[in-house]
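Please look through the structure shown here and follow how its parts sit against one another. The report below goes through it topic by topic.

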Amino acid sequence: MSRRPGFVLEVDKSTPPTLFWGGEGFTLETLPEGSRVIYAPEPITPIEDPYRAIRHALLHPEGDRDPLPALLRPGMKLTICFDDISLPLPPMEAPDVRQMVIETVLDMAAEAGVDDVMLIAALALHRRMTEAELRHALGDRVYDAFAPHGLLTQHDAEDPANLVFLGETEQGEEVEINKRAATSDLLVYVNINLVTMDGGHKSVATGLASYRSLRHHHNPQTMRHSKSFMDQPSSELHSSNWRMGRLIAAAGVQVFQIETTLNNETFPPNFSFLQKREWEWSLRDRATYAATSGALAKTPPRVARQIFHSIRSPHALTSVQAGEVEAVHALTTANVWAQQGVDVEGQTDIMTMGLPYICPYNVNSIMNPILVACLGLGYFFNMYRGKPVVREGGVVIMRHPTRPEFHPGHHPSYIDFYEQVLPLTTDPMRMHKEFEESFATDPWYIHLYRTGHAYHGVHPFYMWYWCAHALAHVGRVIVVGGDPKAVRRLGFSPASSLDDALEIASDVVGPSPTLTHVHNPPIFMSDVH
Amino acid sequence: MAGAGLRNRLRAPRFPLGAPSWPTSVPRPDPERKIGLDYDHAWSRKYPARLARAVVLDNVARPAARLLAPATVRGLEHLQHVDTPVIFAANHASHIDTPLLLTTLPVEFRHRTVVAAASDYFFDRTWKSVLWSFALAAIPIERSRVNRKSIDTAAELIEDGWNLVIFPEGGRSPDGWTQPFHPASAGYLGKRTGRPVIPVFLHGTRHVLPKTADADAIAPGGSGTEARHGGRLRRSPIAVLFGAPMTADEDENARRFSDRVEAAVATLSREVHSDWWQARRSLSAVSPTPGADTAHRGPAASSWRRAWALDEPPSRVHDTEWPN
């Protein structure tokens with residue numbers, strides 16, 4: 001059967017109940033008649049021979065770049081940077097795309113006799129990856145060749161000795177990035193572009209930047225004016241990164257960009273029902289759903305979390321392009337849209353979404369309430385081009401248990417943010433002005449970030465800023481099935497069921513609202529007309 | 001009240017325990033064709049399926065057939081030295097024809113024979129496809145029009161060493177009289193593969209399992225008893241007559257060969273109440289030209305007269321008349 005595009009279903013009497021994620025579990029909800037459900041396109045057929053495709057891309061670069069072998073020579077300083085654990089979601093089955101690309105690059109570097117090669121995980125302010133995570137991303141062959149010799153490092157945004165200031169953009173944005181990367185003869189950046197926001201100049205300008213540099217676009221003003229993050233011409237975050245990227249290029253940093261896109265085959269066959277249309281569920285799908293949801297309901301959250309985080313996604317490579325940053329990214333963006341774009345006519349009063357157990361910042365970790373807000377309002381809300389799915393003043397209903405649980409090793413500053421900042425304000429601007437700096441410069445958080453596996457002290461603020469556009473746009477946010485205290489702490493309204501949530505929403509949108517559900521997995525982008 | 005409660009309890013389970021309903025606004029795609037002509041029946045000729053079928057055929061079907069339809073079998077000597085594989089071309093009056101014919105075949109044929117079955121009837125559901133593929137080693141054949149795929153499949157199986165049972169009329173006789181043979185069946189396959197065709201006449205099978213009257217065929221205002229006896233098994237003796245193997249001549253086309261096979265079946269039909277010599281004599285008397293005999297198709301008369309002629313008791317049958 002040929003691949004079917006995404007589509008918008010109008011719910012009628014014959015429509016079976018619709019799947020909603022809810023953290024480490026899922027349920028079926030009966031949506032009111034007349035509601036709409038947006039379904040993602042089916043997966044693109046992957047590239048049959050990824051290694052061959054990667055090699056071809058490196059030999060036939062886009063834009064004003066020579067083929068990679070022509071850029072490699074003995075005695076040169078080569079740095080290979082790569083996306084961190086936040087991509088893709090869930091982590092993909094081995095071999096990871098990063099491994100395949102980096103192995104191919106290293107083959108060419110070895111052939112050219114390049115001795116000075118260093119690998120850097122482009123963390124920005126994310127947590128450092130563990131050895132197991134690095135091995136999974138890069139493969140044992142790469143890890144064992146570089147890590148024991150100190151040639152596989154992770155970007156440290158708080159190491160003044162290993163940062164270099166490259167200048168200011170015309171908007172006054174300071175650009176400070178990883179010194180080794182900036183001073184190399186060639187910087188090869190290996191991307192996994194899961195959404196259109198990923199890649200481009202953001203790779204280096206954000207992934208290898210310091211707090212001093214990041215604060216110029218990771219702030220409430222920029223986030224509020226990124227409508228959306230995924231729609232590049234309308235994203236202030238994108239514009240800021242582009243200004244910085246062009247400054248980096250002007251400063252003489254030679255970037256050879258490699259971008260890859262994956263299909264949306266998100267879960268292995270055992271969970272394939274999750275991304276099927278409900279009326280097409282087979283007997284096996286229904287049996288799996290009944291058994292899994294029943295078992296998960298009786299499983300302690302900690303165990304359920306471990307089960308879900310052990311899932312490896314069967315994502316497969318659909319395109320790879322290499323060369324000059326902007327030329328590459330234009331192609332990549334088109335390829336991501338080809339997989340994820342869905343046409344949607346008009347906005348809705350109520351947007352519903354089921355939030356899964358994972359977001360970019362809790363891989364192998366806990367999805368705490370701040371990340372719940374970020375996933376729903378920062379990511380799912382922003383997966384649009386044109387206009388948001390929900391109208392201005394509308395209501396967002398999210399389903400997630402939203403337990404006030406935190407990973408103390410990964411998210412230490414989140415705990416204090418939740419306890420000290422959120423009780424006082426949920427206003428991103430006030431947080432930015434009154435609290436951000438103290439968290440960002442706290443020596444204990446910096447120490448944990450640099451030596452442990454902790455997100456930077458300022459990271460929970462960024463997650464909240466990520467919600468800034470949605471918070472300014474919608475009239476109310478309701479969380480179904482969430483811990484009431486935690487939900488209220490976020491400034492949202494708790495509801496025990498979808499019916500209750502719709503009742504609460506009627507205060508804002510009236511008694512006969514329109515409703516649109518974004519059906520995930522897999523993720524998709526709404527092109528709202 | 002109790003009945004309603006029971007009905008409620010017995011109501012089909014709701015999704016996800018029950019099957020999902022289909023949204024009205026979503027067009028149903030054509031189901032993936034895995035039935036009918038596209039059904040993959042190769043499994044039914046693998047060793048495990050053949051073994052299981054042989055066990056069922058020899059230990060269940062044959063004893064049951066003897067009890068239900070004691071058979072008089074003639075002409076088995078034609079099969080003793082024939083060069084296999086062969087094509088059995090038989091008249092068709094009942095669904096019971098196939099199992100009864102299979103159970104009368106010698107063992108060396110019985111377990112190496114596939115049956116051409118109507119794709120629109122025996123392969124229109126997955127369960128039916130599985131059942132008939134297993135029970136009869138059936139393969140789907142398009143009967144309403146010429147279909148290259150189904151003919152190719154049958155020819156490939158013959159070339160692969162499988163005997164084939166085919167009913168060249170293309171379906172059961174509506175009234176018991178034989179219908180014209182379809183040239184694109186036994187005649188064509190015999191011509192194409194060069195394999196011998198064995199004419200077969202099955203007598204009396206429509207009494208064992210009569211064809212149910214079509215609802216459309218029942219006249220408005222009828223008594224409602226027209227199909228009273230249809231579709232039920234009844235014990236009744238049968239006769240199975242095998243003719244001499246026939247091969248297509250080099251200059252003979254499929255249509256002419258098909259006519260010749262049909263004539264051979266007609267000759268066999270006359271043997272039921274006489275013998276080979278009487279049948280040959282009566283045939284020559286009626287029609288000296290082979291293939292021109294149409295007596296087995298019944299009189300060109302009203303339906304009751306055709307039925308009357310068909311069901312005439314054997315004691316009243318003249319040796320020049322057929323069938324009974």
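In this predicted model, helix 1 of chain A, which spans residues 50–59, has four residues that are buried, namely Ala53(A), Ile54(A), Ala57(A) and Leu58(A). These buried residues lie on the same side of helix 1 of chain A, because the arc that they cover around the axis is only 135°. The elements that cover them include helix 2 (68–71), helix 3 (97–112) and strand 12 (317–323) of chain A.

One of these covering elements, helix 3 of chain A, can be described further through its crossing with helix 1 of chain A, where the two axes come within 10 Å and cross at roughly 55°. That angle makes helix 1 of chain A oblique to helix 3 of chain A, and the crossing of the two is right-handed. Helix 1 of chain A brings Pro50(A), Tyr51(A), Ile54(A), Arg55(A) and Leu58(A) to the contact, while helix 3 of chain A brings Met100(A), Val101(A), Thr104(A), Val105(A) and Met108(A). Sorted by class, the residues of this contact are eight nonpolar, one polar and one charged.

A second pair of helices in chain A is formed by helix 14 (residues 369–380) and helix 19 (residues 459–466), whose axes come within 8 Å and cross at roughly 30°. Why is helix 14 of chain A described as roughly parallel to helix 19 of chain A? The reason is the crossing angle of roughly 30°, because angles under 35 degrees count as roughly parallel. Helix 14 of chain A passes helix 19 of chain A in a left-handed crossing. On the side of helix 14 of chain A the contact is made by Ile370(A), Leu371(A), Cys374(A) and Gly378(A), and on the side of helix 19 of chain A by Pro460(A), Met463(A), Trp464(A) and Trp466(A). Here the division by class is seven nonpolar, one polar and no charged.

The backbone also deserves attention, and a general point helps in reading the next table. Most residues other than glycine have a negative phi, and most peptide bonds are trans.

| Residue or bond | Feature | Angle |
|---|---|---|
| Leu89(A) and Pro90(A) | cis peptide bond | omega about -20° |
| Phe15(B) and Pro16(B) | cis peptide bond | omega about 15° |
| Ala124(A) | positive phi, not a glycine | phi about 55° |
| Thr402(A) | positive phi, not a glycine | phi near 45° |

As for where these features are found, Pro90(A) is in the loop between strand 5 (77–83) and helix 3 of chain A, whereas Pro16(B) is in the loop between helix 1 (2–10) and helix 2 (47–68) of chain B. Ala124(A) has its place in the loop between strand 6 (116–122) and helix 4 (131–138) of chain A, and it counts as buried because it has 23 C-beta neighbours inside 10 Å. Thr402(A) lies in the loop between strand 16 (390–399) and helix 15 (412–421) of chain A, and with 30 C-beta neighbours inside 10 Å it likewise counts as buried.

Finally, there is the meeting of the two chains, in which 14 residues of chain A are in contact with 10 residues of chain B. On the side of chain A that touches chain B, strand 1 (7–10) and helix 11 (283–297) of chain A each supply at least two residues, and the largest share, three residues, comes from helix 11 of chain A. By class, this side of chain A has eight nonpolar, two polar and four charged residues.

Terms used: Residues numbered from 1 in each chain as written. Chains lettered and ligands numbered in written order. Predicted model: local features only at pLDDT ≥ 70, side-chain atom pairs only at ≥ 80, totals over all residues. Contact = placed C-beta atoms within 7 Å. Nonpolar A, V, L, I, M, F, W, Y, C, P; charged D, E, K, R; others polar. Buried ≥ 20, exposed ≤ 12 C-beta atoms within 10 Å, placed from the backbone. Arc of directions from axis to C-beta. Axes fitted to C-alpha atoms, helices over the stretch in contact; angles between N-to-C directions. Left-handed = near helix turned anticlockwise from the far one by under 90°. Parallel < 35°, antiparallel > 145°, perpendicular 65-115°, else oblique.
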